[in-house]
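Work through these exercises with the model open beside you. Try each task before you read its solution.

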Amino acid sequence: MDSIEKKLLELNKIQDIQQRNHWMNSLHPLGKLLISVIYIFLVTSLGKYDIVPLILMSVYIIFSFIIGELSFREGIYRMRLILPLLIFVGIFNPFLDKNIVMVAGYGVRGGIISMLTLVVKGLYTVLAVYALIATTTIEDICYALRMIKIPKIIVIVIMLIYRYIDVMSGEADRIYTAYRLRAPGQKGIAYKFWGALVGQWLLRSMDRAQVVYESMTLRGFKGDYIPTKKGVNAIDVIYPIAWITVLTVIRIFF
Amino acid sequence: MHMADALIAPAVAGTMYVLSTGAAGVSVKKVREESDESKIPVMGVMGAFVFATQMLNFTIPGTGSSGHLCGGMMLSAMLGPFAGFLTMIGVLLVQCLLFADGGLMALGCNIWNMAFYGCFVGALLIWRPIMKKGASRAKIIAASIIGCVLTLQLGAFSVTLETLVSGITELPFSTFLATMQPIHLAIGFVEGLITSAVLIFVYESRPEMLWGVGEETKKEGKLSFKTTIIVIAIAAAICGGFVSLYASAFPDGLEWSMEQVAGTSELEAEGTVYETAESIQETTSLLPDYAFKDSESAVGTSFSGIVGAAIVAGLSAVFCYAFRFFRRKTETKTA
Amino acid sequence: MKTGISGELLNISGVCFSYEKGKEILKDVSFRANEGESIALVGANGIGKSTLMKLLVGLYLNFSGSITVAGHEMCAKNLDHIREHIGYVFQDSDSQLFLSTVEEDVAFGPRNYGLSEDEVQKRVSEALDLVGIENLRKNKTYQLSGGEKKLASIATILSMKPDIIIMDEPSVALDPKNRRNLISVLKDIGGLKLIASHDLDFVMNTCERTILMDGKTIVADGRTEEILGNRVLLEAHGL
């Protein structure tokens with residue numbers, strides 16, 4: 001399990017990358033969201049023995065990371081979260097799928113191929129999401145979500161969650177540190193303190209929510225939030241269309 | 001227990017998106033009906049709270065390991081199932097968009113597996129009936145543990161089903177299930193304990209903050225229809241699952257019972273989940289030819305094909321690096 | 001949204017209030033305040049200062065007595081009007097700034113009142129300029145220091161151009177430099193200011209009039225030097 005500091009560091013790192021001054025960051029969020037969803041859709045729709053299109057699909061990842069100046073290491077690091085389930089699901093394929101598949105003239109056990117393609121798909125999809133989030137802030141994604149008519153209540157809640165993650169994580173860190181300083185040598189929070197420790201914090205958070213509400217309502221909040229409008233440039237349209245065309249061609253013709 | 005993009009076929013992802021969107025639509029409508037704007041900041045702050053509590057480790061008595069809080073159950077007990085569900089959607093979305101935790105396409109699955117069961121099953125079927133006549137320590141512990149165990153079981157079951165139906169794994173249904181369910185039984189129990197400890201604290205200090213306590217007479221008729229539907233849907237899912245499990249593990253047994261009941265064993269064609277899934281997949285998949293290639297038709301990926309693809313990928317990398325290299329140079333020149 | 005009202009902006013008369021029946025928080029509170037005044041509200045912890053200020057912005061309406069804000073009688077149907085005239089800076093800046101960038105947060109109020117986008121941008125610039133953080137316009141809220149957060153909070157209120165600004169403990173948790181900066185910013189802000197504070201030195205520097213509260217009501221109301229100079233009076237009321 002990640003320590004709180006590590007998680008906070010990760011959070012700050014991604015927020016810093018999101019604020020870089022790079023043209024990919026300033027692309028319209030809707031286009032980037034669309035490419036990501038379509039890319040993931042096309043990758044996962046590939047058959048388990050489809051090696052060639054799977055290799056070709058890497059061009060998007062390569063482009064996004066090299067031109068977008070993103071770190072492959074950071075992206076691959078995100079794999080750790082899904083790796084256990086991915087491995088569990090794929091590891092038995094070589095033993096169970098005994099079909100022989102011809103690859104480059106050699107007969108290879110189908111299970112081995114399907115396990116490899118599964119891992120590669122896992123890698124691609126995670127890197128594609130990373131490429132999206134590293135270049136797009138949550139506010140921008142919320143803006144895109146509003147454009148595709150996601151109910152405003154969900155979008156506002158997402159924005160508030162995002163805003164208060166820092167505040168609440170900081171509180172979690174302080175509570176945990178204060179606890180550990182007085183309970184040395186314990187790995188986590190002991191049973192008898194669960195309720196009081198988290199419960200107090202929960203009630204405090206509810207009080208904070210009340211203040212947030214008052215602050216919103218005093219400034220005319222009536223259930224909606226209007227963000228700053230974003231302009232659309234030619235590149236905002238050309239970029240997603242170009243990628244979607246390339247990816248679709250790869251998917252259909254190979 | 002986040003589902004990954006790579007583990008699901010587009011058709012399954014789409015189906016789960018539709019289901020989750022439906023549940024979200026109902027929830028948005030319900031929350032709007034209450035027309036209480038003060039709930040929005042509470043949802044936001046509570047979402048961040050759930051996010052942050054998941055960073056805390058709780059020592060499990062008698063073992064060396066640690067557990068976490070069950071967000072869906074706790075949120076529903078505080079905010080009710082509808083606002084709780086929308087908040088969980090927010091939490092899952094932020095996890096996905098900030099930490100790449102769970103995928104974009106798998107989001108529909110994750111919302112269903114983690115938020116839907118936690119909020120609707122946990123709150124409407126477990127929490128509310130138990131709290132009908134008022135709360136007590138014992139009732140909160142019971143509701144939390146039953147709720148968390150059941151919702152995690154359903155969640156794990158769904159993960160298994162979604163992966164299998166997607167045709168990703170070669171694992172037999174029964175093996176997969178036999179691994180997933182017991183692990184989540186233990187996790188659910190611990191989450192239930194932690195959740196109950198927190199809710200008991202709330203109950204003892206500010207009981208009015210708990211949702212659905214002593215609501216016996218209030219608007220019972222309004223929700224009972226929906227509750228019934230949900231019960232039936234879940235029951236059907238569980239039944240379907242267990243029948244298939246039974247069928248794949250003991251196919252003879254099912255045939256035998258079919259013969260006893262109907263005098264025929266004709267149903268054997270649909271004996272396994274995988275086969276059923278395959279037919280569903282073929283009728284629903286957007287790209288049926290590609291999504292479920294069986295081994296015979298996929299034979300023969302040629303050497304030249306692989307080399308060609310690898311060269312394309314390699315060249316694109318070289319071009320990108322070159323582009324970046326020269327662009328930097330020109331930038332420094334002009335600067 | 002300045003009305004251009006000159007003269008009396010606040011008229012509180014005989015206000016009593018309780019959250020729960022029988023537990024009175026405020027009892028017979030009365031005072032008036034005019035345009036351009038800068039008034040400190042002092043008193044020990046839990047004396048009802050925050051409650052009184054929340055009453056003035058209409059967060060609780062079940063009080064008795066009468067409250068008039070910029071000519072509007074406090075009641076549910078007048079709330080929108082009243083809130084255009086009065087702004088509240090909360091003690092906790094993190095609760096006040098609920099959006100993730102400074103610019104969006106400062107623009108939140110004006111947008112909700114339906115101003116044109118040009119006007120909103122103008123208001124944002126003016127408000128940020130007034131508190132001296134125009135350079136932080138595009139910054140993320142979480143990246144601000146405590147002092148910057150406080151100034152941003154004030155800007156979120158100034159962008160609505162209220163006639164009256166209420167502040168709850170604005171100098172808490174500020175270092176000396178930020179505190180000095182805040183004092184000079186407050187001097188530049190016009191309108192009626194009502195500041196609740198335990199920081200008597202801060203009060204001395206920012207307010208010419210002081211209202212002292214104790215035992216659920218106002219016990220003294222006068223020139224700051226006179227009230228804060230009266231040690232016996234202050235100590236008798238827990239300060």
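**Exercise 1. Find how β6(C) and β7(C) pair, and say how β6(C) is covered.**

Step 1. Start with the pairing. β6(C) and strand β7 (residues 164–168) of chain C run in the parallel sense, joined over 4 bridges. Keep in mind that this is a predicted model.

Step 2. Pick out one bridge. V89(C) has M167(C) in β7(C) as its bridge partner.

Step 3. Recall a general rule. Side chains in a regular strand alternate between the two faces of the sheet.

Step 4. Sort the residues of β6 (residues 86–89) of chain C by side. I86(C) and Y88(C) lie on one side, G87(C) and V89(C) on the other.

Step 5. Check burial. A residue counts as buried if 20 or more other C-beta atoms lie within 10 Å of its own. All four of these residues are buried, so both faces of β6(C) are covered.

**Exercise 2. Give the strand order of the open sheet of 4 strands in chain C, and locate its edges.**

Step 1. Write the order: β2-β1-β4-β5 (chain C), with antiparallel pairing.

Step 2. Look at the ends. β2 (23–34) and β5 (72–73) of chain C each have a single partner strand, so one side of each lacks a neighbour in the sheet.

Step 3. Take the pair at one end. Strand β4 (residues 64–69) of chain C pairs with β5(C) in the antiparallel sense over 2 bridges. Here V69(C) stands opposite H72(C) in β5(C).

Step 4. Add the helix. α1 (residues 49–56) of chain C lies across β1 (8–20), β2 and β4 of chain C. Helix α1 of chain C runs at about 60 degrees to β2(C).

**Exercise 3. Is chain A a compact globule or more spread out?**

Step 1. List the elements. Chain A has 12 helices and 2 strands. From the N terminus on, they run α-α-α-α-α-α-α-β-β-α-α-α-α-α.

Step 2. Compare sizes. The radius of gyration of chain A is 23 Å, and the globule rule gives 18 Å for 254 residues. The value is well over the rule, so chain A is more spread out than a compact globule.

Step 3. Add the spans. The C-alpha trace of chain A covers about 70 × 55 × 30 Å along its principal axes.

Step 4. Note burial. Of the 254 residues in chain A, 48% are buried.

**Exercise 4. Describe the side of chain C that touches chain A.**

Step 1. Count. 25 residues of chain C are in contact with 22 residues of chain A.

Step 2. Name the elements. α3 (93–96) and α4 (102–112) of chain C each give two or more residues to this side. The largest share, 6 residues, comes from α4(C).

Step 3. Sort by class. This side of chain C has 11 nonpolar, 8 polar and 6 charged residues.

Key:
Residues numbered from 1 in each chain as written. Chains lettered and ligands numbered in written order. Predicted model: local features only at pLDDT ≥ 70, side-chain atom pairs only at ≥ 80, totals over all residues. Contact = placed C-beta atoms within 7 Å. Nonpolar A, V, L, I, M, F, W, Y, C, P; charged D, E, K, R; others polar. Rg over C-alpha atoms; globule rule 2.2 N^0.38 Å. Buried ≥ 20, exposed ≤ 12 C-beta atoms within 10 Å, placed from the backbone. Pairing = 2+ DSSP bridges. Axes fitted to C-alpha atoms, helices over the stretch in contact; angles between N-to-C directions.
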